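Here is a short walk through one protein model, meant to be read with the structure open beside you. We will start with a single helix and work outwards from there.

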Amino acid sequence: MLDKLFEYRHDSKLILELIENTKFGTLASNIFAPTIVSIALYNLVPLYYLILFYIFHISIFISRLLVAKRFKHILTQQHNSTIKCLKIYTLLISLSAISFSVIFFYASKSGAGELELFFILSIIVALSAGSLATMGSVYVVFASFMLSNILPLVIVLIIHGGQIFYFSAIVLVFYLFINLTHGFRLFKYHKKAIDLEKKFSTIYHNSSDGIAILKGDKILECNDTFVRMFEKNQNRHNLINQPLTSIISKTDSDQLLLQNLQKAQNQYVSFEWLYKDKEPLYIEIRMSPIQLRDKLVTHAIFRDINQRKQAELEIIRLNETLEERVAIEVEKNRIKDKQLLQQTKLAQMGEMISMIAHQWRQPLSAISSVAISVNLKAQMDKLDKQTTIDATNKIAQYTKHLSETIDDFRNFFRQNKEKHYTSYTELINSVLRIVETSIINKDIEIIQELNSTVTFKTYINEVKQVLLNLIKNAEDVLLEREIENPKIFIESYEHTLIIRDNAGGIPEDIIDKIFDPYFSTKEEKTGTGLGLYMSKTIIEEHCGGKLTVYNDKDGAVFKIVL
């Protein structure tokens with residue numbers, strides 16, 4: 001139980017208070033009190049008792065001073081012998097207290113009068129009363145001294161006997177109980193104050209903000225963060241009572257600090273300050289006047305905002321160049337779209353050449369047949385006027401068809417910068433004049449239900465390219481999957497045009513990707529991945545419409561709304 005009391009964690013500040021009071025307490029209990037007792041009992045107690053009593057207290061006096069010195073060294077070096085020293089110190093003060101009860105006992109046995117005995121009793125009680133001030137910071141020491149002082153004395157009073165001494169013994173027991181209780185309460189309050197001080201000190205010195213207390217421009221107090229903030233390779237205590245100008249230069253920015261410091265003596269101020277040392281440091285400073293120990297001082301908080309300020313400056317710089325950067329990016333995207341559109345057109349032109357061959361094969365074959373027929377009849381002298389007229393008319397008709405085909409293809413790729421009114425029927429007919437023959441020759445049926453009579457203003461040739469791409473995609477997938485009875489359905493109503501097929505649809509895992517650039521389901525040699533991407537770009541960005549895709553029970557459905 002006693003060991004647990006000594007092992008209880010005593011704060012170093014509380015022990016330092018005990019050490020600081022050691023000199024005064026030791027002088028009172030081991031020099032002054034023994035001297036007074038010895039003088040009072042001179043000629044009443046054998047002299048050798050008094051000499052032994054006095055030598056004993058001189059030894060205790062020296063020992064207490066040596067232990068206190070050792071204590072201070074242990075606390076400074078953070079040594080682990082604190083409990084050992086505490087036990088030795090407690091033993092010394094306990095022996096010192098018991099010695100007064102011993103001399104009281106010998107005095108009573110030697111025939112000292114009640115007056116002398118009550119005088120010694122008063123000195124012992126006075127020592128115990130004063131012990132609260134000198135030893136109260138470490139309760140185990142204080143309690144040991146009180147118990148060693150009062151309990152033996154109570155026993156001696158009872159042994160001595162007499163009504164007055166019995167009464168004194170009872171009073172001392174109550175006095176002991178009250179003093180121990182009061183001492184423990186004061187110790188708890190004292191310890192709590194020390195703990196609060198330590199917590200405050202920890203928060204104060206480990207704060208992320210520099211904190212300083214200023215009187216005028218003089219630094220009365222500051223925390224460690226304040227010292228680190230200004231990169232001063234010195235102890236915090238070296239800045240105390242130094243002027244603030246000792247850590248700053250004489251730039252315009254520093255003049256701003258001093259001007260606001262003057263204002264802060266009467267009002268709250270908050271401002272940003274640029275501290276220029278090795279590297280510029282932006283600091284947010286808040287100052288306000290406060291009352292401290294009946295003195296008006298300035299409480300200043302210094303917050304490092306360098307990262308925030310750098311971010312703000314970067315935002316300002318970005319905002320200044322944002323419009324220019326946006327314009328550059330928009331121009332890059334416009335050039336990119338033009339390049340993609342050109343690639344799409346080149347890819348479509350390759351398909352167009354194939355379509356021209358399909359369109360021209362029949363009329364050229366017919367012209368060749370007419371020419372051979374006229375040639376044979378001329379060689380056989382059977383060429384008459386009517387035959388010649390019929391042959392030339394057929395050649396002219398076929399030639400006209402070839403010329404119209406050339407015009408259709410030329411108009412298809414003509415750049416048009418202005419929007420013109422058109423309808424879905426007109427657009428579909430124009431596209432089918434180019435591709436219908438090629439598609440029909442591949443045994444694909446084209447079913448049209450063009451019910452829309454709405455006209456709208458748009459870029460005609462660009463929309464034609466989209467329709468051509470969608471129809472050709474339907475043709476490719478029907479041929480690739482070798483669908484029986486392949487069909488392409490073209491339907492229109494109001495502002496909506498639908499192109500669908502019966503090829504089974506687009507797989508669900510890629511249907512959301514088909515409008516992405518360079519995504520293609522065709523073979524690497526035949527698919528560029530630009531057709532549907534550019535189709536969506538043309539319809540939605542150039543023409544202000546909407547192009548979507550979904551699957552129905554037969555196949556893929558592309559829906560255009562203009």
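## Helix α3

Let's begin on the inside of α3, where the buried residues are T22, G25, T26, S29, N30, I31, A33, P34, V37 and S38. Please keep in mind that this is a predicted model. Several of these positions sit three or four places apart, such as T22, G25 and S29. An α-helix has 3.6 residues a turn, so residues three or four places apart point the same way.

Helix α3 runs over residues 22–40. With 19 residues, α3 spans 26 Å from its first C-alpha to its last, close to the 27 Å expected at 1.5 Å a residue. Even so, α3 has a kink of about 35°, and this kink is centred on A28.

## α3 against α6

Which helix does α3 meet at roughly 175°? The partner is α6, and the two axes come within 11 Å. An angle over 145° counts as roughly antiparallel, so α3 and α6 are roughly antiparallel to each other.

On the α3 side, the contact is made by F24, G25, A28, S29, A33, I36, V37 and A40. They meet E116, F119, I120, I123, L127 and T134 of α6. Sorted by class, this contact holds ten nonpolar, three polar and one charged residues. A28 deserves a second look, since it is the centre of the kink in α3 and also takes part in the contact with α6. Similarly, G25, S29, A33 and V37 are among the buried residues of α3 and are found in this contact too.

## α6 against α8

Helix α6, residues 114–135, has another partner in helix α8, residues 163–206. Their axes come within 10 Å and cross at roughly 10°. Angles under 35° count as roughly parallel, and α6 and α8 are therefore roughly parallel to each other.

From α6, the residues involved are E114, L117, F118, L121, V125, S128, A129 and L132. Facing them in α8 are I164, F165, S168, L172, Y175, N179, H182, G183 and L186. By class, the contact has eleven nonpolar, five polar and one charged residues.

## Two more helices

Helix α7 covers residues 139–160. Its 22 residues reach 31 Å from the first C-alpha to the last, close to the 32 Å expected at 1.5 Å a residue. After α7 comes G161, with a positive phi near 80°.

Helix α13, residues 424–441, has 18 residues and reaches 24 Å between its end C-alphas, close to an expected 26 Å. Where is α13 kinked? The kink, of about 50°, is centred on V435. V435 is also buried, as are Y424, L427, I428, S430, V431, L432, I434, S438 and I439 in α13. Following α13 is D443, whose phi is positive, near 65°.

## Two buried residues

Is T298, in strand β5, buried or exposed? T298 has 2% relative accessibility, and the cut-off for buried is under 20%, so T298 counts as buried. Strand β5 itself runs over residues 295–304. Beyond its neighbours within four places in sequence, T298 is in contact with A212, I213, L214, L261, A264, Q265, M287 and S288.

P486 lies in the loop between α14 and β9. P486 is buried too, with a relative accessible area of 14%. Not counting residues up to four places away, P486 touches D443, I444, E445, L478 and N502. Among these is D443, which was met above as the residue with positive phi following α13. P486 and D501 are 15 residues apart in sequence, and their C-alphas are 7.7 Å apart in space.

## Two exposed loop residues

Most residues other than glycine have a negative phi. N43, in the loop between α3 and α4, has a positive phi near 75°. At 69% relative accessibility, N43 counts as exposed.

E482 is found in the loop between α14 and β9, the loop that holds P486. Its phi is positive as well, near 50°. E482 counts as exposed, at 69% relative accessibility.

## The whole protein

Stepping back, the protein has 15 helices and twelve strands. Of its 562 residues, 42% are buried. Among contacts with a separation of 6 or more, 65% are between residues 24 or more positions apart.

Conventions:
Residues are numbered from 1 along each chain as its sequence is written. This is a predicted model: local features need pLDDT of at least 70, side-chain atom pairs count only at pLDDT 80 or more; totals for chains, interfaces and linings use all residues. Side-chain values use heavy atoms; hydrogens and water are left out. Axes are lines fitted to C-alpha atoms, for helices over the stretch in contact, and angles run from 0 to 180 degrees between N-to-C directions. Angles under 35 degrees count as roughly parallel, over 145 as roughly antiparallel, 65 to 115 as roughly perpendicular and the rest as oblique. Contact means heavy atoms within 4.5 Å. Ala, Val, Leu, Ile, Met, Phe, Trp, Tyr, Cys and Pro count as nonpolar, Asp, Glu, Lys and Arg as charged, and the others, Gly among them, as polar. The expected span of a helix is 1.5 Å times one less than its number of residues. The bend at a residue is the angle between axes fitted to the seven residues ending there and the seven starting there. Buried means under 20% relative accessible area, exposed over 50%, partly exposed in between (1.4 Å probe, protein chains only).
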